[in-house]
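Here are some exercises to work through with the model open beside you. Try each task before you read its solution.

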Amino acid sequence: MKTSIKNILTLLALITFSFSFAQNIEGTVTTTENTPLPAANVVIKGTTFSTVTDTEGKFIIDSRGKLPLTLLIQYVGYKTTEIELTAIPASPLTLTLKEENELIEVVVSSRRRIEKVQDVPIAISVITGKQAEQTGAFNVNRIKELVPSVQLYSSNPRNTGINIRSLGSPFGLTNDGIDPGVGFYVDGVYYARPAATTLDFIDVEQIEVLRGPQGSLFGKNTTSGAFNITTRKPSFTSGADFEVSYGNYAFLQAKASVTGALTSKIAGRISFSGTQRDGLIDNVATGRATNTLNNQGIRGQLLYTPSENTNIIFAADITTQRPDGYAQVVAGVAPTQRAAYRQFDAITADLNYKLPSLNAFDRKIDHDTPWRSGQDMGGVSLNIDTKIGNGTLTSTTAWRFWNWDPSNDRDFTGLQVLAKSQNPTRQIQFTQEVRYAGQLASNLSGVVGVFFIDQTSQTDGTEESGNAQWRFSKSSTSALWETPGLFEGYGIKTDARIRASSAAVFGQLDWAITDRLHVLPGIRYNYDKKDADYARTTYGGLQTTDPALLALKRQVYSDQAFSSNTDDTDFSGNITVSYKVSDKINAYGTFAKSYKPVGVNVAGLPSNSAGLPLLELAVIKPEEVNHYEAGIKTSPFKNSIFNLTFFNTDIKNFQTNVQAAELGVNRGYLANAGKVTVKGAELDASIFVNEHLTLNGAATYTDAKYVTFVNAPLPLEETGAPVSFKDVSGSALPGASKWAGSLGGELSDHAKFFGNAGRIFVAVDSYARSEFSSSPSASKYLVVPGYAIFNARLGFRASQGLSVQFWGRNLLNKDYYEQLLPAGGNTGQYAAVLGDQRTYGVTLKYSL
């Protein structure tokens, strides 16, 4: 990969020179004390064209022939300034910014228009691309440390769930038959696969995390929130950034981005990101460390401006991931209610086997089945924005794919229990969204749109037993279980296919009854259709006609096939009332009726006493969501933000994941819990104490419970009980911590480094969460203890030239679990997804 990174960086360096074909506007940005402001943001209003000032406060921006135009000038701690130009100035402009609370000046596009985040009546967190880079947040798993309302759980990329306020995806193994409750958008394109959240960000401009149902603003309906990610757009002004990071465990990360004009109306941008790292867990069986990082991604964009009112962006991207990784370490053994000879310790004693360590944080495994988590994801998109009247018509067309090539050791031991466990998947999606957003009348604005998605997914899986399967599956004292070769090489081939289509019409109005009082109604009508086919066929093992031996084999794996076809329509909506008490206080209240579409099971079903699939479990009812929220956004004193949100979400027919004891149900199955409720509060606070010191913090309290769930799976320790299900009504939802929070700060001052003006800084960030259940039915053995981690960085940064940063993560080397999960077959042992130990390194960045 090092050669690959080097070749791509060389290519990018060769194309950094481009030509500008339009007239430039030049100027200088200063304070009222006539001090130059470096790194001030200069934007042509209503376009994607922007630049930043240099160390002397100077800027050059391409006018693109768009006259008249309005320049927006923004800088942290200062009031955003606008200047209208009807002609190219004959001499450089001098622009003066006045001090103000820049925190409330941060702008977002989540409501399909540019507006201040503090004016938006939605609970929303904003992380700029620069913030993400500085804190080392190069994927969503790192973002959760900055936004504590976000949870991400991943035992591998496919089995990734992203939640907001403890809602979104069923906790545990992924099933393709349902939709995620958290939307993930990149430049307006919806990514249907949760695996996208495990990949590196590429050249990100801003990340907006919206909390609560989002059905009347975004193309795909989501019940708990959305990630709205925008990347840096092509510019007609030439520029380039190059970044390299080195760290312990041979960590190497390289990023590069080049932009510039190709013709008078076409600009381009190409961006690259690559990450690699040695393993963090020792495999004593192979003598090689596992859980490596090996990611590469490239993104190209072309911007075409046929007229001053129209922008067309064509984008293409591809990301690959080839780690030797995602191995889980045995964290403990739970006694079950099975007979003594069926307990894990008795089984391993009979097989003369011992785990390499009984302490998960020794980070040792002896797995004999390779861990492989290869994935490729990419696509193309065409985005057209054109001004019509007092608004903008936007069309976003996209085609995307995801290829998943895994191998797992699901027994988590060095025994050949499961010799193979791999379910490669190919997914393709096509999306089309058209929407119009703008001012409809003097006191009425809004957005209306249509959305369509069609996706297909195909899994061709293999699961195969090894020579130790007989002892783990032995369910009686019959000597027939010990028949030589009975289970060795015995397995199933799986063919699972699903086609899912969804179409929707949505819209939201913003009615300004007065300058301070706004009413915002929103509606959505949705149609969803899912067609699924599942078939698994047994093969191998001892070839016999003995009915008794065949019966034993069927207890481990059996043939199964079923189809399910379902469709559904839904009408949902929301209403928000927003009142601006003063320039520093904005209050709002929201009620939303939302839903998550009907689902289908496509990973096998439990069998009845006759060995037939329980077809009544094939279709999963849609979730019905009632959501209430009240919030206040304030700026209590100069350069400060203090936002508080209260929420309550009730869900009927909650879609949850159930892990079956049968090996043949090889990734669990989906079911409906009767009702869940999630309520809590969130706090976001930031303050610029002065030009040297900034502080920020966020906290969330969440009380998430099953109100009714009478057919829940048995907890791990109750496996083998005479009943098949348990009533867990009143217990906590999995993955839900009562408390979570982040706290950080930065101290900086003006400095020079190799002749470049910039700032020297030291910063500390922390993230903490309380304990949470790691099982659909609470098990005392599958509770992840609370933990806190601390990160720090120090260095020098400049808007142009060379920047350097030394960083460390998990500085106190805290041992913590990110997830606990039982082994396939529920024989008692359970494994952990471990948090990374202490890592540290240095980052060098050069900007042109």
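## Exercise 1: A strand residue and its surroundings

Leaving aside the neighbours within four places in sequence, Thr28 is in contact with Glu56, Gly57, Lys58, Phe59, Leu93, Thr94 and Leu95. Keep in mind that this is a predicted model.

**Task.** Find the strand in which Thr28 lies, and decide whether Thr28 is buried or exposed.

**Solution.**
- Step 1: Locate the residue. Thr28 belongs to strand E1, which covers residues 24-31.
- Step 2: Look at its accessibility. The relative accessibility of Thr28 is 18%, and buried means under 20%. Thr28 therefore counts as buried.
- Step 3: Try a distance as well. From Thr28 to Pro234 there are 206 residues in sequence, and their C-alpha atoms are 23 Å apart in space.

## Exercise 2: Two loop residues

**Task.** Place Arg410 and Lys354 in their loops, then classify Arg410 and Lys354 as buried or exposed.

**Solution.**
- Step 1: Start with Arg410. Its loop runs between strand E27 (391-407) and strand E28 (418-422).
- Step 2: Check its cover. Arg410 has a relative accessible area of 13%, so it is buried.
- Step 3: Look for a partner. The side chains of Arg410 and Glu463 are joined by a polar contact of 3.2 Å.
- Step 4: Turn to Lys354. This residue sits in the loop between helix H4 (344-350) and E25.
- Step 5: Check its cover too. Lys354 has a relative accessibility of 74% and so counts as exposed.
- Step 6: Add a distance. Lys354 and Val723 are separated by 369 residues in sequence and by 32 Å in space, C-alpha to C-alpha.

## Exercise 3: The sides of a helix

**Task.** Which residues of helix H6 are buried, and which strand and helix do the buried residues pack against?

**Solution.**
- Step 1: List the buried residues. In H6 (residues 547-556) they are Leu549, Leu552, Lys553 and Val556.
- Step 2: See how they are arranged. These residues lie on the same side of H6, because the arc they cover around the axis is only 100°.
- Step 3: Go round to the other side of H6, where Pro547 and Arg554 are exposed.
- Step 4: Find the packing partners. The buried residues of H6 pack against strand E30 (444-465) and helix H5 (469-473).
- Step 5: Inspect the start of H6. There, the backbone nitrogen of Ala548 has a side-chain oxygen of Asp546 within 2.9 Å.

## Exercise 4: A sheet of three strands

**Task.** Work out which strands are the edges of the open sheet E21-E20-E25.

**Solution.**
- Step 1: Read the order. This open sheet has 3 strands, E21-E20-E25, and its pairing is mixed.
- Step 2: Pick out the edges. Strand E21 (288-290) and strand E25 (364-365) each pair on one side only, and these are the edge strands.
- Step 3: Examine one pairing. E20 (residues 281-283) is parallel to E25, with 2 bridges between them. Within E25, Ile365 is the bridge partner of Asn283.

## Exercise 5: The whole protein

**Task.** How does the radius of gyration of the protein compare with what the globule rule gives?

**Solution.**
- Step 1: Take stock of the elements. The protein has 6 helices and 51 strands.
- Step 2: Compare the radii. The radius of gyration is 28 Å, close to the 29 Å from the globule rule for 848 residues, so the protein is as compact as a globular protein of that length.
- Step 3: Consider burial. Of the 848 residues, 58% are buried.
- Step 4: Consider contacts. Among contacts with a separation of 6 or more, 69% are between residues 24 or more positions apart.

Technical notes: Residues numbered from 1 in each chain as written. Predicted model: local features only at pLDDT ≥ 70, side-chain atom pairs only at ≥ 80, totals over all residues. Heavy atoms only, no water. Buried < 20%, exposed > 50% of the residue type's maximum accessible area, 1.4 Å probe, protein only. Helix = DSSP H or I, 4+ residues; strand = E, 2+ residues; numbered from the N terminus. Arc of directions from axis to C-beta. Contact = heavy atoms within 4.5 Å. Polar contact = N/O pair within 3.5 Å; in protein donor to acceptor, adjacent residues only side chain to side chain. Rg over C-alpha atoms; globule rule 2.2 N^0.38 Å. Pairing = 2+ DSSP bridges.
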